[in-house]
Amino acid sequence: MVDFDVSFLKSLDEPGSPREVSFNFARRNYTCICNAYPITNEEGFTEGKILVLQEKKKVVKLIQRFSGSYAKFQFSDIKGKNPRFLKQVELAKIAAQSNSKILLVGESGTGKELFAQAIHNYSSRRDGPFVAISCAAIPRDLIEAELFGYQEGAFTGARKGGHTGKFELADKGTLFLDEVNAMPLDLQAKLLRVLQENEITRLGDTRPIPVDVRIIAASNVDLLREVEQHNFREDLYYRLSVVEIFIPPLRERKDDIDLLVDYFLERLSRDLKILKPEVSPEVKEIFHAYQWPGNVRELQNCIERALLLSGGKRIAKEHLPQRILQKVEGNLRIKDSPPLVPLEENTKELIKRAIELCNGNISLAARTLRISRSTLYRKMKEYGLR
Ligand SMILES: Nc1ncnc2c1ncn2[C@@H]1O[C@H](COP(=O)(O)OP(=O)(O)OP(=O)(O)O)[C@@H](O)[C@H]1O
Ligand SMILES: [Mg+2]
């Protein structure tokens with residue numbers, strides 16, 4: 001016989017307003033999502049209720065499957081051949097097999113989320129949930145509620161029935177704390193406590209709930225510098241960065257560009273059911289000259305756009321965004337023009353050329369240079385031109 005407090009049944013009149021209940025059965029503790037459906041007789045009176053209990057962890061799994069909060073990428077989806085980059089991939093693979101916390105550091109679009117998912121799928125937690133939360137995308141007042149959840153009535157505006165936090169949702173799996181650098185300082189202290197104790201307390205509640213979660217954090221800024229500037233807690237930094245993986249920006253691994261271009265073209269043309277087009281040498285040159293501030297994401301978007309504009313034909317310069325062309329042409333123009341030399345050297349060269357052009361006539365050369373004869377003599381002496 002199951003023994004649990006049934007007082008919550010009163011609030012279960014409307015079907016579709018499920019409650020969370022916990023009870024012990026056969027020496028095991030079960031947490032279930034409970035729905036109640038009234039049984040009414042012909043006169044319309046409620047004679048009883050049908051209770052439908054579903055184990056919470058199964059419901060959570062279903063939610064994750066249908067809301068897309070699972071990890072779909074594997075290490076085989078991470079493309080690159082740059083030795084510095086590959087070293088980080090190797091490090092990630094080793095770290096994946098442990099339970100250590102991992103900190104991924106890399107500029108926007110370098111593949112932090114890709115790494116986090118691949119690590120999860122390579123770990124013993126691969127059958128558990130992968131839950132991501134972006135600390136920058138959520139208003140700071142709500143991060144705490146999102147992470148730890150809350151009880152019904154915990155604050156004004158709190159949802160009826162309470163809210164399950166990401167830590168609970170990620171139980172037996174991985175919690176990806178994206179843009180952790182954006183986490184407010186007061187919350188950093190709370191997070192530190194949770195990481196030390198491996199249990200959370202929902203807002204408005206006092207009961208601690210044990211959680212078994214592997215943390216992968218990501219930052220698009222150098223977190224140690226944030227520590228130095230007192231924007232990030234040092235103790236939390238050391239707790240999160242047991243293994244620190246640094247993903248280099250694309251401009252520092254240009255040897256990966258051709259490979260990535262080929263990979264994205266292959267994948268995108270397969271999706272569009274067209275033949276993979278060629279890329280003109282000029283475009284390749286531009287790709288190598290450009291600095292890619294948006295990193296791999298920018299390259300991927302650029303390829304997608306070019307493929308659409310080229311209609312599946314050879315990808316040429318005109319299929320690239322103006323922004324990229326302007327930047328690259330600006331850089332190339334600087335590269336093509338004569339190198340900058342000290343002003344003195346230029347002056348010496350100019351005087352030499354003027355005297356030559358005037359067949360050694362100093363007065364004429366001075367007039368051409370719009371300086372006095374005596375100044376020209378002085379300069380010639382200075383530069384050893386006599
Ligand atoms: N090495 C790679 N091989 C293949 N695809 C990659 C690689 N790196 C990044 N990508 C792709 O580039 C896109 C951006 O990657 P991701 O979202 O992981 O970057 P991010 O570092 O999390 O960026 P942000 O800081 O802006 O959130 C994704 O579509 C990802 O699949
Ligand atoms: Mg990301």
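This is a short dialogue on how to read a predicted protein model.

Biologist: Where do I start? How many helices and strands are in the protein?

Modeller: Remember that this model is predicted. The protein has 15 helices and twelve strands.

Biologist: What does the radius of gyration of the protein come to, and what would a compact globule have?

Modeller: Set the value against the globule rule. For 386 residues, a compact globule would have a radius of gyration near 21 Å. The protein has 33 Å. Now take the box along the principal axes: the C-alpha atoms fill roughly 120 × 55 × 45 Å.

Biologist: Which two residues show me a distance across the model?

Modeller: Try E382 and H163. They are 219 residues apart along the chain, and their C-alpha atoms are separated by 83 Å. E382 is found in helix α15, residues 373-382. E382 counts as partly exposed, at 48% relative accessibility. Compare another pair, K327 and Q291. They are 36 residues apart in sequence, with 8.7 Å from C-alpha to C-alpha. K327 is found in helix α12, residues 322-336, and is exposed at 54% relative accessible area.

Biologist: What share of the residues counts as buried?

Modeller: Buried means under 20% relative accessible area. By that cut-off, 41% of the 386 residues are buried. The accessible surface of the whole protein comes to about 22,700 Å². Carbon and sulfur atoms account for 51% of that surface.

Biologist: How do I read burial along a helix?

Modeller: An α-helix has 3.6 residues a turn, so residues three or four places apart point the same way. Now look at helix α4, residues 140-148. Its buried residues include I143, E144, L147 and F148. A145 is buried there too.

Biologist: What follows α4?

Modeller: G149 does, and its phi is positive, near 80°.

Biologist: Which residues have a positive phi although they are not glycines?

Modeller: Take two cases. E179 has a positive phi of about 50°. E179 sits in the loop between β8 (174-178) and α6 (185-197), and is partly exposed at 27% relative accessible area. H230 has a positive phi of about 60°. H230 lies in the loop between α7 (223-228) and α8 (234-240). At 63% relative accessible area, H230 is exposed.

Biologist: Back to helices. Is S269 buried or exposed?

Modeller: S269 is buried, with a relative accessible area of 1%. It is found in helix α9, residues 257-272. Leave aside the neighbours within four places in sequence. Then S269 is in contact with I274, L275, K276, P277 and L307.

Biologist: What share of contacts in the protein joins residues at least 24 apart?

Modeller: Count contacts between residues at least 6 apart in sequence. Of these, 66% join residues at least 24 apart.

Biologist: How many disulfides does the search find?

Modeller: A disulfide is a covalent bond between the sulfur atoms of two cysteines. A search of the whole structure finds zero.

Biologist: Why does C32 have no such bond?

Modeller: Check the distance. The closest cysteine sulfur to that of C32 is in C34, 8.0 Å away, so it is too far for a bond. C32 is also buried, at 5% relative accessible area. Another cysteine, C135, counts as buried at 3% relative accessibility.

Biologist: Last, the charges. How many are positive and how many negative?

Modeller: There are 60 positive and 53 negative charges. To see how they are spread, compare their mean positions. These are 7 Å apart.

Technical notes: Residues are numbered from 1 along each chain as its sequence is written. Chains are lettered from A and ligands numbered from 1 in the order in which they are written. This is a predicted model: local features need pLDDT of at least 70, side-chain atom pairs count only at pLDDT 80 or more; totals for chains, interfaces and linings use all residues. Side-chain values use heavy atoms; hydrogens and water are left out. Helices (H or I, at least four residues) and strands (E, at least two) are DSSP runs, numbered from the N terminus. The radius of gyration is taken over C-alpha atoms; the globule rule is 2.2 Å times the number of residues to the power 0.38. Buried means under 20% relative accessible area, exposed over 50%, partly exposed in between (1.4 Å probe, protein chains only). Contact means heavy atoms within 4.5 Å. Accessible areas come from the Shrake-Rupley method with a 1.4 Å probe; for residues, only the protein chains shown count as cover. Lys and Arg count as positive and Asp and Glu as negative; His and the chain ends are not counted. The place of a charge is taken as NZ of Lys, CZ of Arg, CG of Asp or CD of Glu. A disulfide is a pair of cysteine sulfur atoms within 2.5 Å.
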